[in-house]
Amino acid sequence: MAKDDGTVTYDGPAGGWGSLRGIARIAGDEGISAGAIATLLEQNKPGGFACVSCAWTKPADHHPVEFCENGAKATLWELTSRTATPDVFARHSVTELKTFSDYDLEQLGRLTHPMRYDRASDHYVPCSWDEAFAEIGRELKAMDPKKTVFYTSGRASLETSYCWALFARAYGHNNLPDSSNMCHETTSVTLKKVIGSPVGTVVLDDFKHCDAIFFFGQNTGSNSPRFLHVLQAAVRRGCRIVTFNPVRERGLEKMINPQEPTAMVTGKETALSCQYHQVKPGGDIAVLLGLCKHVLAADDAAQADNRHVIDRAFIAEHTVGFEEFEARLRALDWAEIEEVSGLTRTAIEAAGTVYVEAENTIGIYGMGLTQHVHGFENISTYVNLLLMKGNIGRQGAGISPVRGHSNVQGQRTVGIAEKPELVPLDRHAEMFDFSPPREKGMNTVEACEAILKGEISAFVALGGNFLRAIPEQKAMEEAWPRQRLTVQIATKLNRGHLFNGEIAYLLPCLGRSEMDPLTGHPQVVSMEDSLSCVHGSVGKRTPASEHLKSEIEIVSRLAEATLAQNPKMLWSHWARDTASVRDLIERTYPEEFRDFNTRIFTPGGFYRGNSAREREWKTESGKAEFVTPEMLSATGFQPAPGRMSLVTLRSNDQFNTTVYGYSDRLRGIEGKRDVLLISPAEIERLGLTVGERVTLVSDAEDGIDRRVGGLEVMPFDLPDGCVGGYYPELNPLVPLAHHDRASKTPAYKSVPVRIERGS
Ligand SMILES: Nc1nc2c(c(=O)[nH]1)N[C@H]1C(S)=C(S)[C@@H](COP(=O)(O)OP(=O)(O)OC[C@H]3O[C@@H](n4cnc5c(=O)[nH]c(N)nc54)[C@H](O)[C@@H]3O)O[C@H]1N2
Ligand SMILES: Nc1nc2c(c(=O)[nH]1)N[C@H]1C(S)=C(S)[C@@H](COP(=O)(O)OP(=O)(O)OC[C@H]3O[C@@H](n4cnc5c(=O)[nH]c(N)nc54)[C@H](O)[C@@H]3O)O[C@H]1N2
Ligand SMILES: [Mo]
């Protein structure tokens, strides 16, 4: 619907009947069986399988139906009755498939056979598994391992990820970029530096004890909907939620819990955020400094009557760097904060008052902070705010990044890392009797740079849609075929699979909900969630095709085909018995994974522990560190005439590059994704007309012509100076060099662009 000012919006709450209709539509689209629905009911429960969608934790005291709209969509997407058989590939050449939309490609259904790309006919043709493994192994053996890349998307289990990283190192490289490099790598780098732990410090129980929750750039309603129940319970007992986001996201404003029959019938909504501030994209450092400045002022005032707001005892005992930060806050001018954030001093002070009054505060964030050129400063300044009141390392308080893929955090825990210092390589050497490579490997941006220079011989992907998820898409698609070998392990076809090296394979794998044909038993694997809890998952469904293999079997067969025999590396045994891999994980990380096999089905998962939560700071200084940011804006570019800041968004009807449909229900955008979201004031200022088609052009000052045309101008409630649109369609506009300075996470949330008329 449209509001009075013409902006497109959704008036209903998150959850409610709309979410059930969303699930029903997907069930209808995918031709879902009754068995699939039964599988859905076991989702996220003991003895069932762990949702393949987001990384939000699975509670011990589960609901009768422990899934959300988007978790159900992700499961039904995997359980579809559609199949992309060899016939489908015989009908469509690869060149023709490139004209399909992301949605249409995945609608072809589950991959059923191993396929090899035949360059002469430009078709994928079926091949045998033996043939595929033999040729891939032969090729890899002939290459310099340092010139190969093993990518992982964050869905693969702990067991598969451990084997994958071991395979890479036994072969001879640390080139292990992960989807995390485009996502929460800013978190891994920043939190490690400032509190000595690369992950969040909050556990589920803390949400029962907090008085305030701050939200910066995380869209709970679409991306981690089960978290809404926790927020609703917190609000009902009086906790206050304050949100900073350029977009008024419905899920953070109000919700109806589909688990509550009375609320569903009466339509009774719970309001979530008590304050909602539409910060400019990249304006968060300024906001956070404003909040800290307010805390300082409140403390000055309190001191007059012998009270205090700042926890100076905590600061003295546990932190370094506060004096410099305090001096910076005192010198900082409110006018500058208002200019960069787009918010008034009064608004920021109102939020600051909630923080000052709360005994315990949790700081939540997502891609709105991590995907910026100064993402490091976004997060470190957020930590400063929490440290000022001792809000890290005690019950009901802490920093809580909300992770994306269901096992993305766990993959890092068990060794998928391009940074060798993060992995216990000495233990690997001793356990498996080999010399792991010690040089730093490539992350995602570095892998792209090397591919663009033609330096990479082989790219092997364990899931994901690398070419569609990364920046600089056009140049990358052009450079890609210069590789000798490309291998994709996947469940469904996506655009990334249509750009092929000289030799290219598409290897179809089981989904997490399916049983393992190798053993004839359920597939048992495990995952680590956003709150560092490890859960077991049992897949029992009949596989989509009899030719599928589990991911761990594929990885093991690739390793066997590539590596020289090593009596300590029992690949085929590990593939048959994932419990034996959990034993290896326990031997490698004895503290975190103590009694792994015994504890794997602990209700609510078992907690891996976190040193910062215990106020043990594993940082360089041995203390928690205040970092004083040099800049106020996180965008990394200056304002210029005609320049707009592009925010790339996910709809409520997609999971990353997987587009389930064209209904972004929670934002009121229906039936299309080729839109340019822009405020009515900017439409008028620029002389545009609602509905006209325009082209977005890169304004990055590097001389490279990047453009995406055919975008429909749509009035939307956004701050001035910025525009919004959908990921991945707008990825060709993101320069590869436009990334967080510290972690190289691409800055997808503020991309410099200009609008050109016409498409
Ligand atoms: N249904 C569904 N679930 C998902 C995913 C999905 O695509 N679909 N993806 C999964 C993955 S891998 C991830 S990483 C997570 C992503 O989940 P989120 O972290 O929520 O990521 P986004 O939706 O990209 O953006 C988050 C929010 O940041 C806001 N934002 C943009 N720029 C700024 C800024 O400068 N400042 C502030 N304060 N806010 C800003 C946007 O308006 C948006 O509401 O979700 C996971 N779960
Ligand atoms: N502009 C812009 N770009 C972004 C982002 C953004 O916010 N804006 N977000 C970034 C983020 S946070 C992330 S995490 C990345 C995501 O990057 P990726 O993780 O690489 O991409 P996905 O879209 O999650 O991958 C989807 C594909 O995974 C495969 N797949 C699904 N399930 C399985 C499985 O069980 N096993 C295997 N082997 N394969 C499977 C299917 O073939 C499916 O097509 O994108 C990043 N790119
Ligand atoms: Mo992500």
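A polar contact is a pair of N or O atoms within 3.5 Å. Keep that cut-off in mind as you work through these exercises on a predicted model.

**Exercise 1. Which side chain has an N or O atom 2.8 Å from an oxygen atom of ligand 2, and what other polar side-chain atoms lie by this ligand?**

Solution.
Step 1: Start with Ser153, whose side chain has an N or O atom 2.8 Å from an oxygen atom of ligand 2. The cut-off is 3.5 Å, so this pair counts as a polar contact.
Step 2: Now look at Tyr727, where a polar side-chain atom sits 2.7 Å from an oxygen atom of ligand 2.
Step 3: For Glu551, the partner is a nitrogen atom of ligand 2, and the distance is 2.6 Å.
Step 4: Finally, consider the cover. On its own, ligand 2 has 930 Å² of accessible area, and the protein covers 97% of it.
Step 5: Widen the view: ligand 2 is surrounded by 33 residues, and Glu551 is among the closest, as are Tyr151, Lys492, Thr657 and Asn731.

**Exercise 2. Which residues are closest to ligand 1, and how much of the ligand does the protein bury?**

Solution.
Step 1: Find the closest of the 30 surrounding residues: Asn245, Glu249, Asp284, Gln654 and Asn656.
Step 2: Take Gln654 from that list. One of its polar backbone atoms is 2.6 Å from a nitrogen atom of ligand 1.
Step 3: Gly368 also uses its backbone, with an N or O atom 3.4 Å from a nitrogen atom of the ligand. Asn70 instead offers a polar side-chain atom, 3.5 Å from a nitrogen atom of ligand 1.
Step 4: Taken alone, ligand 1 exposes 910 Å², of which the protein buries 99%.

**Exercise 3. How many residues of domain 1 and domain 2 are in contact, and which salt bridge can you find there?**

Solution.
Step 1: Locate the parts. The domain assignment gives domain 1 as 113-178 + 418-604 and domain 2 as 185-402. Their centres are 37 Å apart, taken over C-alpha atoms.
Step 2: Count the contacts: five residues of domain 1 meet nine residues of domain 2.
Step 3: Turn to area. The two domains bury about 480 Å² between them, 48% of it on carbon and sulfur atoms. On the domain 1 side, Lys419, Ser530 and Leu531 lose the most area, together 74% of what that side buries.
Step 4: Look for charge pairs. One salt bridge is found across this interface. Glu185 and Lys419 form a salt bridge, with their closest N and O atoms 3.4 Å apart.
Step 5: Sort the domain 1 side by class: one nonpolar, two polar and two charged residues touch domain 2.

Methods
Residues are numbered from 1 along each chain as its sequence is written. Chains are lettered from A and ligands numbered from 1 in the order in which they are written. This is a predicted model: local features need pLDDT of at least 70, side-chain atom pairs count only at pLDDT 80 or more; totals for chains, interfaces and linings use all residues. Side-chain values use heavy atoms; hydrogens and water are left out. Domain bounds come from an automatic or database domain assignment. Contact means heavy atoms within 4.5 Å. Buried area is the accessible area (1.4 Å probe) that two parts lose on being put together, summed over both. A salt bridge is a side-chain nitrogen of Lys or Arg within 4 Å of a carboxyl oxygen of Asp or Glu. Ala, Val, Leu, Ile, Met, Phe, Trp, Tyr, Cys and Pro count as nonpolar, Asp, Glu, Lys and Arg as charged, and the others, Gly among them, as polar. A residue is near a molecule or strand if one of its heavy atoms lies within 4 Å of it. A polar contact is a pair of N or O atoms within 3.5 Å; within protein, one must be able to donate a hydrogen and the other to accept it, and residues adjacent in sequence count only if both atoms are side-chain atoms. Accessible areas come from the Shrake-Rupley method with a 1.4 Å probe; for residues, only the protein chains shown count as cover.
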